[in-house]
Amino acid sequence: MRSPTDLMLLHPDGTEDILVAGGRGAIADPYVSFDAHWVYYTYFHDVAKQGAGADVYKVNVKSRKIVRLTRQQWTPNTGVVDAKKMPARGVYNMHPCPLPGGRLVFISDRDGMKAPRGVQSALQLFVMDDPVGKAFQPDEQNVEKIGYLNVGQALHPVILKDGHIIFSSLELQGRHNAGWGIWSIHPDGTNWNPVVSGLGFGGAPIPFHFQTQLSDESIIVANYYIPAMGGFGMYFKQPASPPPGTPGFLPAKWQLDPKMAMMNSYFRMPFQPYGMEVLTRFTHNHDSPALRADPKDPTSPHTGWVTHPCGDPDNHLLTVWTGLLHQGRVLDNGYPAIDSGIYLIKNGKPFWEPGDMVLIKNDPNYNEQWPRPVVPYNRIYGIDEPVQLAPVRNDGKLSKHLPEGTPFALVGSSSLYKRESFPLGTVPKGSVTSVGLPYAAFPTREHRTNWDGQGADSGLYSNSEIHAIRILAMEPASLSVSGKFANPANERLRILGEFPVRHFHQSPDRKGGVHQPQRPRRQPRHQLPRQNPSRRRLDLPNA
């Protein structure tokens, strides 16, 4: 935060009150409780002091009572570092979101983890008790980390109507550029799934960042280019889930889709989510000028950009808009500072004219941001609160090999051949495996299609060469030991295990009596394997 901010309450008659004064600090990420009696928020303690930290609070709309929910305390891995020797800076507890059942999800760097590169701290998802309807306890209650896979950073969790949490995720593992995607997770830390992938075409991925849900359950995600845009960009819209039996993503090879039109071009993306379309078509997601307000007048201002979306009653969408701008980028030097305001996008439908938005509040003396409707959850989504998903706990009864409390997961595919992992590859007719130009699997400084773009294959191989699956876990390192892991991406990798996925024929060994696996003959690399899926099935061992 660069300047102090206050939390304001705007009344229907246009008058306003200060809910919480920022003072030396700044307020961000407000989130209204399901009954609309409270507003949760992040408070940055001192914007003039580097590393002053932040904490999660809530304020009662009627009484103005303020409750502090998190504390400035490090909780590192004490097997690696002494908690008393953590950095002499504040902890960042941020982005609160209420959960059904009296819990709260937020993000924090309290465990003192370092992302592999690009950012200082790994921000991870945590849940805790919310002291609603009970005596306030001065200490945090039942804090539990659920974001163990947040290797980079997680930001802005949002609870969906069906009980899933969606959040922005910094994807920088093994990559040259830092892309942001949108992921979903259950409140107990299970069922990680991609919502929008943070992929590009070998250049700088354009981040998907800031998300919300409309009354019709559609998801809105913002998309913007990081340099010089100050978090402003455009919006995409997509269903919360595809119809039953329908894949959640289009093929890895980008499609020319008229619904993805913005300005005078089409946005292309690998694995485009089902039903995705551009909502704000008058602008785009790059750090170059948007459309002119008058296309016939080269001196007319540009149409600007949007940010901070939030679902509103009757399927409307609240947003922040820069207004018309003469500069080509939000943070260009030599121009007046932008004067952003709060606007309403009607009915959640795509539109071409910024004039179709309804002005809610724009005081020329301030930049309004983070709009939130202070109404009960039922007024927007038709139910009192999101679905409360039952936690998945291992009680030790599933298997004798999994004692109570042992982590477990099932991750996999029905076929190792049915994949689109080849960079910029396509699946030929009659096949199930994508293929492409050989050089795409070998990155260069200019072209990194196998990491930043579609696919992750880092070499050439045929299906007949698939022998085993090795499971790797990537973990952020504690600050005290970060940088001490030697590999090209500075990543901390742990090999959890490996298991074969091909049954070999048996034959006696040369000494007789003992049977050894006989490996299948390897096909020459210039030959393609047979394309009949029924002849290419892998027999997986029972687990």
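Six bridges join strand β8 (residues 103-108) to strand β10 (residues 124-129), and the two run antiparallel. That pair is a good place to begin a tour of this structure, which is a predicted model. Within the pairing, Val105 has Val127 in β10 as its bridge partner. Both strands belong to an open sheet of 4 strands, ordered β7-β8-β10-β11 with antiparallel pairing. At the edges of this sheet sit β7 (93-99) and β11 (144-145), each of which pairs on one side only.

## The nonpolar cores

Val105 also leads us to the packing of the protein. Which residues have the most contacts inside the largest nonpolar core? They are Val105, Leu125, Val196, Phe208, Tyr235 and Phe236, in a core of 70 residues. Another core lies apart from it, with 13 residues, among them Leu7, Leu9, Ile27 and Val59. In soluble globular proteins, nonpolar side chains tend to be buried together.

Val196 gives a close-up of the 70-residue core. Setting aside residues up to four places away in sequence, Val196 touches Gly181, Ile182, Phe208, Val221, Gln238, Met269, Pro273 and Met276. Phe208, one of these, is itself among the residues with the most contacts inside the largest core.

## Salt bridges

Side chains of opposite charge can pair when their charged atoms come close. How many salt bridges does the structure hold? There are 15 salt bridges. Here are three of them, with the distance between the closest N and O atoms.

| Salt bridge | N to O distance |
|---|---|
| Arg24 and Asp46 | 2.9 Å |
| Asp55 and Arg68 | 2.7 Å |
| Asp314 and Arg379 | 3.2 Å |

Let us take these pairs in turn, starting with the salt bridge between Arg24 and Asp46. Arg24 lies in the loop between β2 (16-20) and β3 (26-32), while Asp46 lies in the loop between β4 (38-44) and β5 (54-60), so the pair ties together parts that are 22 residues apart in sequence. Are these two partners buried or exposed? Arg24 is exposed, because its relative accessible area is 57%, whereas Asp46 counts as buried at 16% relative accessibility.

Next comes the salt bridge formed by the side chains of Asp55 and Arg68. This pair links distant parts of the chain, with Asp55 in strand β5 and Arg68 in strand β6 (residues 66-68), 13 residues apart. Asp55 is buried, with a relative accessible area of 0%, and Arg68 is partly exposed at 24%.

The third pair in the table is Asp314 and Arg379. Asp314 is in the loop between β22 (306-311) and β23 (317-321) and Arg379 is in helix α1 (residues 377-381), so their salt bridge ties together parts that are 65 residues apart in sequence. Asp314 is partly exposed, with 48% relative accessibility, and Arg379 is also partly exposed, with a relative accessible area of 42%. Elsewhere, salt bridges that share partners join Arg103, Asp129 and Glu144 into one network.

## A loop and two backbone angles

The loop between β22 and β23 also holds His316. His316 is buried, with a relative accessible area of 18%. Leaving out neighbours within four places in sequence, His316 is in contact with Leu214, Cys310, Gly311, Leu344, Ile345, Lys346 and Asn347.

Most residues other than glycine have a negative phi, and most peptide bonds are trans. Against that background, two residues of this model stand out. Asp29 has a positive phi, near 50°, and its place is in strand β3. Asp29 is buried, with a relative accessible area of 9%. Ala36 has a positive phi too, near 65°, and it lies in the loop between β3 and β4. Ala36 is buried, with a relative accessible area of 12%.

## Enclosed space

Rolling a probe the size of a water molecule over the atoms shows where empty space is left. A search of the whole structure finds 2 cavities of 30 Å³ or more. The largest cavity contains about 420 Å³ of space. Which of its 28 lining residues are closest to its centre? They are Tyr31, Val158, Thr212, Cys310 and Arg372. The elements that give two or more residues to this lining are β3, β7, β12 (154-159), β16 (208-213), β22 and α1. Some names here are familiar: Cys310 is also a contact of His316, and β7 is an edge strand of the open sheet.

How values were computed. Residues are numbered from 1 along each chain as its sequence is written. This is a predicted model: local features need pLDDT of at least 70, side-chain atom pairs count only at pLDDT 80 or more; totals for chains, interfaces and linings use all residues. Side-chain values use heavy atoms; hydrogens and water are left out. A salt bridge is a side-chain nitrogen of Lys or Arg within 4 Å of a carboxyl oxygen of Asp or Glu. Buried means under 20% relative accessible area, exposed over 50%, partly exposed in between (1.4 Å probe, protein chains only). Two strands pair if DSSP finds at least two bridges between them. A nonpolar core is a set of buried Ala, Val, Leu, Ile, Met, Phe, Trp, Tyr and Cys residues joined through side-chain atoms within 4.5 Å. Contact means heavy atoms within 4.5 Å. On a 1 Å grid over the protein atoms alone, a cavity is a set of points where a 1.4 Å probe fits but cannot get out, and a pocket is an open set with protein on both sides within 12 Å along at least five of seven lines; lining residues have an atom within 4 Å of a point. Grid points are joined across faces, edges and corners, and a volume is the space filled by probe spheres set on the points.
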